[in-house]
Protein chains: 2
Amino acid sequence: MYSGQVPKTAPPQVRAALVERAAAMLARREPVTLRSVVAGTGASTMAVYTHFGGMPGLWRAVREEGFARLAARLAAVPPTDDPVRDVVALGAAYTENAFAHPDLYRAMFDEVAGLADRSAADGGFSALVAAADRARAAGRFAPDCDPEQLAVRVWASGHGLTTLVLTGVLPVEVLLAQWPRIAVALFVAVGDEPDRCARSVDAAWPPRLPTPP
Amino acid sequence: MYSGQVPKTAPPQVRAALVERAAAMLARREPVTLRSVVAGTGASTMAVYTHFGGMPGLWRAVREEGFARLAARLAAVPPTDDPVRDVVALGAAYTENAFAHPDLYRAMFDEVAGLADRSAADGGFSALVAAADRARAAGRFAPDCDPEQLAVRVWASGHGLTTLVLTGVLPVEVLLAQWPRIAVALFVAVGDEPDRCARSVDAAWPPRLPTPP
DNA sequence: CCAGAATACATAGCAGTGCTATACCTCGGT
DNA sequence: ACCGAGGTATAGCACTGCTATGTATTCTGG
């Protein structure tokens, strides 16, 4: 039979509902499968194909949603008069987001290639670049320091530690203890004064991580 | 029917054959499925269950094989009279291995928890620790520098850049250009003299990466 | 040297997966 | 009021990992 009597609210709402449900199931560590995703929404399996072209398309949308949430979280970090502190604060917000939604974080970086909307991912990164550029403008970093390259170094080291912790290779304590040391080394290498740098880093670290059950 | 006429060579050889075939199919980017793996070996699907207890067990064995190959590759890096150079050489060998077997590398770090034989993974890491310790003993690093912690910082930053490149987020050039800068920053932060450090890093970088098709 | 036990094997079939073909309903424009 | 376009539901496809069952092979003890 056909249950067309259901009041159709808005057609594009199905898209968001499916993505949201998939992300929620991912967070609950439930298996995210075609039939299980559509089961809660009342929609049929075909909805995934009309809206996303298949399961890979749905995963792509979920990854984009994850990057959008990350970018929103990073955008909520308020700039202060200490731009070096702000860089570390962005790093802390980054790890907080990763540990708040670990499976979503892993899915995000499973395969970024072929992402339709890369602006969300770039948005988060550009916040880091902007903070580094402010530090350079404030005289904390050397004038010839490329903010974008420094941001890559900061991001890659934090991402590496985060993934190693999330996959169970390293305990969380290692991330908490080692990332500030990497950050100080990177900042001092581009001209920041060691003591002042350490104070700035300590002002925004450690992040508030959820206690693992 | 049962083809028992086939000359059975050695029973445990089946294990290695299945792992090797799975790794080879992974490298060829073919879908590694239960039936496709056993197809080439002439064995039946049950072999996977008697030897590995299922597909997850096979994947676990493949990951261990990957870590063993990595450890062997790192062990082949000859120590020189410049221990700082050796640390970078280990990093170069690490990235060379990752880019030579990208899918195996990704599978290795998909889920390290529950790895039966962690000695292989630790073996590669201890080589890095040993080189850092030699640098400390040679006076390049400060006496209070913990080689293990420094090794974690070096490894995590390299791992982060490597995974970001392998997943398509960053181009290879970023890895080649930024990792030595991270390494110099980390080494100088623990006491190495900047100019000498730069020379040591340049002596072992960049790695020889296979040209991507 | 040979019984008995333990192990590995091949086959068939199970539930579940992503996906597609087809018929159906709903809706917007002339 | 019609009719074409597009989203939807259903059924079925090939495939996945896995298990039950019966059989062959290998190891062990006397």
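Here is a walk through the largest pocket and two helices of this predicted model. Residues count from 1 along each chain as its sequence is written, and chains are lettered from A in the order in which they are written. Local features need pLDDT of at least 70, and hydrogens and water are left out.

Start with the largest pocket, an open set of 1 Å grid points where a 1.4 Å probe fits, with protein on both sides within 12 Å along at least five of seven lines. About 860 Å³ of space lies in there, counted as the space filled by probe spheres set on the points. Its lining (residues with an atom within 4 Å of a point) has 31 residues, with A:Arg106, A:Phe109, A:Asp110, B:Arg106 and B:Asp110 nearest the centre. By type, the lining splits into 12 nonpolar, 6 polar and 13 charged residues.

Now look at α9 of chain B, residues 172-189; helices here are DSSP runs (H or I) of at least four residues. α9(B) bends by about 25° at B:Gln178, with B:Pro180 following within four residues; the bend is the angle between axes fitted to the seven residues ending there and the seven starting there. Among the buried residues (under 20% relative accessible area, 1.4 Å probe) of α9(B) are B:Gln178, B:Trp179 and B:Pro180. Just past α9(B), B:Gly191 has a positive phi of about 120°.

Over in chain A, α7 covers residues 119-137. Its buried residues include A:Gly124, A:Phe125 and A:Leu128, and the buried residues of α7(A) pack (heavy atoms within 4.5 Å) against α4, α5 and α8 of chain A. Just after α7(A), A:Gly139 takes a positive phi of about 85°.

Terms used. This is a predicted model: local features need pLDDT of at least 70, side-chain atom pairs count only at pLDDT 80 or more; totals for chains, interfaces and linings use all residues. Side-chain values use heavy atoms; hydrogens and water are left out. Ala, Val, Leu, Ile, Met, Phe, Trp, Tyr, Cys and Pro count as nonpolar, Asp, Glu, Lys and Arg as charged, and the others, Gly among them, as polar. Helices (H or I, at least four residues) and strands (E, at least two) are DSSP runs, numbered from the N terminus. The expected span of a helix is 1.5 Å times one less than its number of residues. Buried means under 20% relative accessible area, exposed over 50%, partly exposed in between (1.4 Å probe, protein chains only).
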